[in-house]
Amino acid sequence: MSEPLITYALEGNMALIGLNRPDKRNAIHDPLIDALRAAVLRAHDEADVAVLYGHGSNFCAGLDLAEALARATGQIKPPRKRRRHNWHEVFDLIARGPIPFVGALHGAVVGGGLELAMSTHVRVCDSTALFGLPEGQRGIFVGGGGTVRIQRVVGTTVMMDLMLTGRLLNAGEGLQEHVVRYVTPEGEALAKAKELAARIAKNALETNWMIINVLPRIQDLSHDDGLFVEQLNSARARPPEAEARLREFVDGKAKKLQDNQS
Ligand code: 1HE
């Protein structure tokens, strides 16, 4: 039997989802997106947190350019009806679903690979990581939500530079531009991502849901509407565990915040 395009494992309440097309540098074609969708939905059902990583020497080389060429030359027929773009659908399932995702990045994280990485909520890379948007060199444009998601994180200036010049950012530069929040030595990104995911999974599930679903939407709102939506979430929707967790602190039994420093 051939290797699965996506590996899936459940470790306790943590799902581990691996892009597994290393001979093509985990380039994204339709079968890989379908397998990723299935893995993400499974994680939504059975996990409280997930880690997304790549097998082989790279996280992801972006759009499968051979498939793109087949589309451009009509070898793959266009769909008869317009549907939501499958990348938008699956990346939003990750970004705006019920559980947080931690991205563990290494090697090439380019084009659609960067767009996919940016749909995760906390991103870690190792020292081999290179981030870029080489669409300009390929005669195409970003199509996996990058204009929205990447531009909001790194800003227009940085995104334009990446796209127009084809420049690659190394791990340190990625940290500087908020592409990642943590950098590890080579080969240690996955372990660090799992450590962070385990910590995230200790939060109240409801609070995690609010963090990943409310924050990005408020970012799109005006000041006044943002405060209104914040109040709807903070004042009314108390997570079920809130009382117990507040009492834990008041009784002096809560873990020290300083224990979370890393
Ligand atoms: C691929 C792809 C791919 C590798 N589609 N097959 N993405 C890019 O423009 C990046 C294209 N890839 C590369 O620049 C390099 O492959 C890497 C820097 C990622 C890695 O280099 P390297 O030397 O380790 O690998 P390689 O020898 O270039 O490639 C190994 C194999 O993977 C080779 O196939 P083989 O059958 O000849 O062994 C490559 O053809 C294959 N491969 N990357 C298809 N991307 C919806 S909008 C999003 C738009 C984008 O994502 S644009 C960016 C596209």
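Here a student and a tutor talk through a predicted model of one protein chain.

Student: Let's start simple: how many helices and strands does the protein chain have?
Tutor: This is a predicted model, so keep that in mind as we go. Counting along the protein chain, you get both kinds of element. The tally is 11 helices and nine strands.

Student: What radius of gyration does the protein chain have, and what would a compact globule have?
Tutor: The chain has 262 residues, and a compact globule with that many would come out near 18 Å. The protein chain agrees with that. Its C-alpha atoms fill a box of roughly 65 × 40 × 35 Å along the principal axes. The radius of gyration itself is 19 Å.

Student: What share of the contacts links residues 24 or more positions apart?
Tutor: Here we look at contacts in the protein chain with a separation of 6 or more. Residues 24 or more positions apart account for a share of 72%.

Student: Which residues touch the most other members of the largest nonpolar core?
Tutor: In soluble globular proteins, nonpolar side chains tend to be buried together. In this chain, the largest such core holds 43 residues. Strand 2 (14-19), helix 1 (30-46) and helix 6 (146-165) are among the elements that each supply at least two of its residues. The ones touching the most other members are Ile17, Leu19, Leu36, Phe59, Leu116 and Phe131.

Student: Which residues from 36 to 43 does Ile17 contact?
Tutor: Leave aside the neighbours of Ile17 within four places in sequence. Its contacts then include Ile6, Val51 and Phe101. From the stretch you asked about, they are Leu36, Ala39, Val40 and Ala43.

Student: Is Phe91 buried or exposed?
Tutor: Phe91 sits in helix 3. Leaving aside neighbours within four places in sequence, its contacts include Ile28, Ile33, Leu116 and Arg149. Its relative accessibility is 0%, and the cut-off for buried is under 20%, so Phe91 counts as buried.

Student: And Arg37, buried or exposed?
Tutor: Arg37 is found in helix 1. Not counting residues up to four places away in sequence, Arg37 touches Asn86, Glu89, Val90 and Leu93. Its relative accessible area is 18%, which is under the 20% cut-off, so Arg37 is buried.

Student: How far apart are the centres of the positive and negative side chains?
Tutor: The protein chain has 31 positive and 31 negative side chains. Each set has its own centre, and the two centres lie apart by 4 Å.

Key: Residues numbered from 1 in each chain as written. Predicted model: local features only at pLDDT ≥ 70, side-chain atom pairs only at ≥ 80, totals over all residues. Heavy atoms only, no water. Helix = DSSP H or I, 4+ residues; strand = E, 2+ residues; numbered from the N terminus. Rg over C-alpha atoms; globule rule 2.2 N^0.38 Å. Contact = heavy atoms within 4.5 Å. Lys, Arg positive; Asp, Glu negative; His and termini not counted. Charge placed at Lys NZ, Arg CZ, Asp CG, Glu CD. Core = buried A, V, L, I, M, F, W, Y, C linked by side-chain atoms within 4.5 Å. Buried < 20%, exposed > 50% of the residue type's maximum accessible area, 1.4 Å probe, protein only.
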